[in-house]
Amino acid sequence: MAPSRRGFLGGAALAAGAFFMPASLAAQEGPKQGGTLRYGMNDGSQQDTLEPGSWSTVMCGAAFNGALCNNLVELLPDGSLAGDLAESWEGAEGATRWTFILRKGVKFHDGRPFTAEDARQSLLHHMGEESTSGALAIVGQIADIAVEGEDRLVVTLSQGNADFPYLLSDYHLSIFPAKDGGGIDWESGIGTGAFRLESFEPGIAVRLVRNPDYHKPGLPHFDAVEFINIPDSTARLNALLTGEVDVIEDVDIRNVALIEGNQGFKVHRTPSLRHLTFDMNCSVAPFDNPAVRKALKLAIDREDIIAKVFLGEGEAGNDNPVAPIMPLWAETPPPHRYDPEAARALLAEAGIEGLTVDLSTAESAFPGAIEAAVLFREHAAKAGITVNVVQEADDGYWDNVWLKKPFNASDWYGRVTLDWLFATSYTSDSPWNNTGFHNARFDELHGLAQAESDEAVRRAQYAEMQQILHDEGGVITVAFVSWRLAMTENIGHAETGGILPADNHRCAERWWRSDV
């Protein structure tokens, strides 16, 4: 997120190195200046806006958080934390008081100097009782934000959190100019990032041009970047092969051999925390019945889905959203393997006959989501369960289905710390609680673990939380998968980060063309 970066994070920052891999196919030459990056995305929405609290798509994350704006801190490809608009930071008073020393000489795209008040208002923007920001779980810990002098921002938390600097890398917490009288000017699309906004058509494309006054020497390498929404996987592949784009997101596994067999193209995989799920809302019938949730977890054949939909590229989940490569991951017995007879018996014992559920999905939910849902329907039928697969519209899926329909397909990036993961999606007050999960013991453990300094005690607390999710939660973890991109050989890159897609959203800033 000097001691100020790693000292308070202990083993978490070190172990985070498991989240990346060397870019073995990257261009051998060093970075070159010039050219345009055209990136084919799969999840842009007509509901996308420049308002940072609403960002939920890779398109917004890569274009706005990763190219247009900066945070106080940034995630490096190896999972460690570095300063961005903050040069350094230090925790005190039991990790309840954090002082950030801000970088001098940074300018917004319109020439305004970056100040501590801009940072303060950018955090305050996500706070308040009426906030629906995706960063609400993070800023909800803040008791006070103060400006000291020209270059110091002091954040006081309601209770200690040794991971707090890491949390400020959240992609919603981009810095925008402060308005006179309070608030931030997000509407104008002015940031401090490596690129300036030239055009934005929601659900269609974003174009940005190089910021010649960027505060990082030698960056960016491209003259311009374009993020183009192409939801259909076949259309994305054709756009790559015909030269309309240089990179495509979420390559269909069935097309990998075709791409690798074409000279001038490459497929790049980055291990990640990404997990693909079917989420049940525990507060809505019939999913409010624990027997129904458990039966559905036993009525899905994850190995069959991984073999047929992902062609073996994936690891079966066990209804615990924590990736095994994460620090403080814990085993959660028993394994939820496909057992239709056990699922049928559970429902019979609960007096439930003829269970029928609607599962909302779309190809934009995750690659292969529709095919996976159809296989789930076949698996569940053997347990006497009817799963109606409801194919929703790709555009607007994350606005109209996710967090709204009681049983839906979801694509989760994961978070670099367990505190962050649970506070975002599983505590009772989390803003992205897609499973409607409310468990008093889980919430209690979360508060205790957040401030716990004894690693053994913290490990035990997090292990119990993971077991609670496995036993009682509404998440059916289908698989953990890597990020899989396809690109032309002339796109150069070094190590790529896998905590977030698109090189931790920083592809525009970090990559280059080798043919300019």
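This short talk walks through the salt bridges, the nonpolar cores and the cavities of the structure shown above. Please keep in mind throughout that we are looking at a predicted model.

Let me begin with the charged pairs. The structure holds 34 salt bridges, and I would like to take three of them in turn.

In one of these, arginine 510 pairs with glutamate 74, and their closest N and O atoms are 3.2 Å apart. Because arginine 510 belongs to helix α18, residues 507-510, while glutamate 74 belongs to strand β3, residues 73-75, this pair ties together parts that are 436 residues apart in sequence. Are the two partners buried or exposed? Arginine 510 is buried, at a relative accessible area of 15%, and glutamate 74 is buried as well, at 9%.

Another salt bridge joins the side chains of arginine 506 and aspartate 84, with a distance of 3.7 Å from N to O. Here arginine 506 sits in the loop between α17 (501-504) and α18, and aspartate 84 sits in the loop between β4 (81-83) and β5 (86-92), so this pair ties together parts that are 422 residues apart in sequence. Arginine 506 has a relative accessible area of 3% and is therefore buried, since the cut-off is under 20%, and aspartate 84, with a value of 0%, is buried too.

The third example is the salt bridge between aspartate 250 and arginine 274, whose closest N and O atoms are 2.7 Å apart. Aspartate 250 is found in the loop between β12 (247-248) and α8 (256-260), and arginine 274 in the loop between β13 (265-270) and β14 (275-280), so the parts tied together by this pair are 24 residues apart in sequence. Aspartate 250 counts as buried at 8% relative accessibility, and arginine 274 is buried with a relative accessible area of 2%.

Which residues do salt bridges with shared partners join into one network? They are Glu74, Asp84, Lys216, Asp503, Arg506, Glu509 and Arg510.

Let me turn now to the nonpolar side. In soluble globular proteins, nonpolar side chains tend to be buried together. In this model the largest nonpolar core has 114 residues, and those that touch the most other members are Tyr39, Leu72, Phe100, Phe164, Phe227, Phe278 and Ile385. Helix α3, residues 58-68, gives this core its largest share, namely eight residues. Apart from that core lies another one, of 20 residues, which includes Leu273, Ala323, Leu328 and Phe480.

Finally, the cavities. The largest cavity has a volume of about 290 Å³. It is lined by 23 residues, of which Ser56, Trp398, Asp411, Trp412 and Tyr413 are the closest to its centre. Both β18 (407-412) and α14 (418-425) supply at least two residues each to the lining of the largest cavity, and by class that lining consists of ten nonpolar, seven polar and six charged residues.

The second largest cavity has a volume of about 90 Å³, and its lining brings us back to the third salt bridge, for Asp250 and Arg274 are among the lining residues. The others in that lining are Ile253, Leu276, Phe310, Glu313, Pro367, Val481, Ser482 and Arg484. By class, the lining of the second largest cavity has five nonpolar residues, one polar residue and four charged residues.

Methods. Residues numbered from 1 in each chain as written. Predicted model: local features only at pLDDT ≥ 70, side-chain atom pairs only at ≥ 80, totals over all residues. Heavy atoms only, no water. Salt bridge = Lys/Arg side-chain N within 4 Å of Asp/Glu carboxyl O. Helix = DSSP H or I, 4+ residues; strand = E, 2+ residues; numbered from the N terminus. Buried < 20%, exposed > 50% of the residue type's maximum accessible area, 1.4 Å probe, protein only. Core = buried A, V, L, I, M, F, W, Y, C linked by side-chain atoms within 4.5 Å. 1 Å grid on protein atoms, 1.4 Å probe; cavity = no way out; pocket = protein on both sides within 12 Å on 5 of 7 lines; lining within 4 Å. Points joined across faces, edges and corners; volume = space filled by probe spheres on them. Nonpolar A, V, L, I, M, F, W, Y, C, P; charged D, E, K, R; others polar.
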